[in-house]
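Please walk me through this structure in the viewer, one selection at a time. I would like to know what to select at each step and what is to be found there.

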Amino acid sequence: MDTKRLEAVQAWVAERARIEDDYGPLDRIAGVDVAYSGDRCAGGAVVLDRAMRVLEERTAIARVRFPYVPTYLTFRELGGVLRAVKGLDFDMLLLDGQGVAHPRRAGLATHVGVVLDRPTVGVAKGLLWGRVEGEPEVGRPLPITCRGQTLGYAVRTRKGTKPVFVSPGHRVSPEGALELVLSCLKGYRLPEPVRLAHILAGRARDELLKND
DNA sequence: GCGACAG
DNA sequence: ATCTTGTCGC
């Protein structure tokens, strides 16, 4: 794998990422995720209103061209993600993975946000980059830091579950990303946009298996 | 050289 | 991520 080339792309993404709140009313909040089956994958996207009610759903299939390699996840998921959200109308997009809490400030959420130039937030189930001091508790997020700056927040969204790691993708601040995620919780560890997109992608993948 | 390492 | 049933705990 030619990482030099991939890193050049990530550098391009990082240069254009804007970590400040730049979005209007969030009437349509979307979530995307990808499920795999061999060399193919299914992307699932969902659009919800502020009350987290489903407004729209979409699925798409794509071929997988990259293996999973930490810090290069984007290149494995981008195709499925872009096809699933293509033409979709939304004010904010949540993705399963890091935003700027990435060694080169170019996690999946940031990459997609820059490519589409749309506000995005990354919600990861594990930490990839940065440090968290202590254990976050429900109602008490802890900052994910690196070199004295806040990259995002570790959030215990529910008792008895591991925390999730929220970081800005593009056109959102760390605090804005945190607030958004908290407003999308409905009693599960993951915010609704991501949780529902995950389920949708999984079903679309099962449908592929069934048709071949 | 050693450890860490999104999905 | 994916392969997989029941089971322990909040």
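Select G43 and A60 in chain A of this predicted model: G43 stands opposite A60, which belongs to β3. The two strands concerned, β2 (residues 40-48) and β3, pair in the antiparallel sense over 9 bridges. Keep helix α2 (residues 73-85) in view as well, since the next selection starts from there. Helix α2 packs on the sheet, where it touches β1, β2, β3 and β4 (92-96), and its direction makes about 40° with that of β2.

Within helix α2, pick out F75. Is F75 buried, exposed or partly exposed? It has 18 C-beta neighbours inside 10 Å and therefore counts as partly exposed, given that a buried residue needs 20 or more. If neighbours within four places in sequence are left aside, F75 is in contact with L6 and F66. A distance drawn from F75 to G97, C-alpha to C-alpha, comes to 13 Å, for a separation of 22 residues in sequence.

Now colour the whole sheet by strand. In what order do the 9 strands lie? They form an open sheet that reads β3-β2-β1-β4-β5-β9-β8-β7-β6, and the pairing is mixed. The edge strands are β3 (54-63) and β6, each of which pairs on one side only.

Move next to the β6 edge. Strand β6 (residues 131-132) pairs with strand β7 (residues 142-146) in the antiparallel sense, over 2 bridges, and R131 can be selected there opposite T145 in β7. On its other pairing, β7 runs antiparallel to strand β8 (residues 149-155) over 5 bridges, with C146 opposite Q149 in β8. The hairpin of β7 and β8 has 2 residues between the strands, and R147 takes a positive phi near 55° in it.

From β8, turn to helix α4 (residues 174-183), which lies across β4, β5 (120-124), β8 and β9 (164-170) and runs at about 15° to β8.

With the protein still displayed, show DNA strand B. Which residues come nearest to DNA strand B? Of the 17 residues around that strand, Y68, L73, G97, G107 and K125 come nearest. By class, the residues of the surface near DNA strand B divide into 8 nonpolar, 7 polar and 2 charged.

DNA strand C is the next selection, and the residues to display around it are A35, Y36, K159, G160, G202 and R205. The elements that give two or more residues to this surface are β1 (29-37) and α5 (192-210). The surface near DNA strand C has 2 nonpolar, 2 polar and 2 charged residues.

Finally, zoom out to chain A as a whole, whose secondary structure comes to 5 helices and 9 strands. Followed along the sequence, these elements give the pattern α-β-β-β-α-β-α-β-β-β-β-β-α-α. The radius of gyration of chain A is 16 Å, close to the 17 Å that the globule rule gives for 212 residues, so the chain is as compact as a globular protein of that length. Along its principal axes, the C-alpha trace spans about 50 × 45 × 35 Å. Colouring by burial would mark 46% of the 212 residues of chain A as buried. Among the contacts in chain A with a separation of 6 or more, 62% are accounted for by residues 24 or more positions apart.

Key
Residues are numbered from 1 along each chain as its sequence is written. Chains are lettered from A and ligands numbered from 1 in the order in which they are written. This is a predicted model: local features need pLDDT of at least 70, side-chain atom pairs count only at pLDDT 80 or more; totals for chains, interfaces and linings use all residues. A residue is near a molecule or strand if its C-beta atom, placed from the backbone, lies within 6 Å of it. Ala, Val, Leu, Ile, Met, Phe, Trp, Tyr, Cys and Pro count as nonpolar, Asp, Glu, Lys and Arg as charged, and the others, Gly among them, as polar. Helices (H or I, at least four residues) and strands (E, at least two) are DSSP runs, numbered from the N terminus. The radius of gyration is taken over C-alpha atoms; the globule rule is 2.2 Å times the number of residues to the power 0.38. A residue is buried if 20 or more other C-beta atoms lie within 10 Å of its own, exposed if 12 or fewer, and partly exposed in between; C-beta atoms are placed from the backbone. Two residues are in contact if their C-beta atoms, placed from the backbone, lie within 7 Å. Two strands pair if DSSP finds at least two bridges between them. Axes are lines fitted to C-alpha atoms, for helices over the stretch in contact, and angles run from 0 to 180 degrees between N-to-C directions.
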